[in-house]
Amino acid sequence: MSSHICWICKLCRDESKRLPSNLTLDEVLKWAQSLESLMATKYGPIVYTAYLKLEHSDENIKFWMACETYKKIASRRGRISRAKKLYNIYIQPQSPREINIDSTTREAIIKSILEPTQTCFEEAQKIVYMHMEMDSYPRFLKSEMYQQLLKTVQSKSA
């Protein structure tokens, strides 16, 4: 991910106008349709994560992405191990990247952590997604980062 963030940061600082050759105006415009559209594109999640990192608020997107990976774990042993890691990093009070969820959701996760299912983080993931959709995503669309990237891609495709 860090190599992707480099071109984004350079672009925003105007030090380099080099973009990935397959980043299209169509993709960048899709990001403004909805958070769901942004997350379904190749570069949208990378750019959005870079923006959140600059804001020092990337724990939500990292948790959301970690949950997407977690849901694909088929083995019980793998789920238990990953569930404990997710709990320690994002759910446990005072954890390094604690996400903002209600106590009821937190308690449900704590109860399920010993025998975690593929959906045990689903409610927390929905809450985090809602926070992003209502708060950081609209700020992203207004940000200098997105506006500069959009302008650069528009001029490249003209």
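Hi everyone, let's start with two helices: the axes of H8, residues 122-142, and H9, residues 144-157, come within 5 Å and cross at roughly 45°. That crossing makes H8 oblique to H9, because an angle counts as oblique when it is neither under 35 degrees, nor over 145, nor in the 65 to 115 range. Please keep in mind that this is a predicted model.

Why do we quote both an angle and a distance? Because two packed helices are described by the angle between their axes and the distance between those axes.

So who makes the contact? From H8 we have Phe140, Leu141 and Lys142, and from H9 we have Glu144, Tyr146 and Gln147. Sorted by type, the residues of this contact are 3 nonpolar, 1 polar and 2 charged.

Now let's move along H8 to Ser136, which lies in that helix. Is Ser136 buried or exposed? Its relative accessibility is 7%, so Ser136 counts as buried, since the cut-off for buried is under 20%.

Which residues does Ser136 touch, if we skip those up to four places away in sequence? They are Tyr48, Tyr51, Leu52 and His131. With Tyr48 there is also a polar contact: the two side chains are joined at 2.6 Å.

One last pair for you to find on the screen: Ser136 and Leu35 are 101 residues apart in sequence, yet their C-alpha atoms are 10.0 Å apart in space. Thanks for listening!

Technical notes: Residues numbered from 1 in each chain as written. Predicted model: local features only at pLDDT ≥ 70, side-chain atom pairs only at ≥ 80, totals over all residues. Heavy atoms only, no water. Helix = DSSP H or I, 4+ residues; strand = E, 2+ residues; numbered from the N terminus. Buried < 20%, exposed > 50% of the residue type's maximum accessible area, 1.4 Å probe, protein only. Polar contact = N/O pair within 3.5 Å; in protein donor to acceptor, adjacent residues only side chain to side chain. Contact = heavy atoms within 4.5 Å. Axes fitted to C-alpha atoms, helices over the stretch in contact; angles between N-to-C directions. Nonpolar A, V, L, I, M, F, W, Y, C, P; charged D, E, K, R; others polar.
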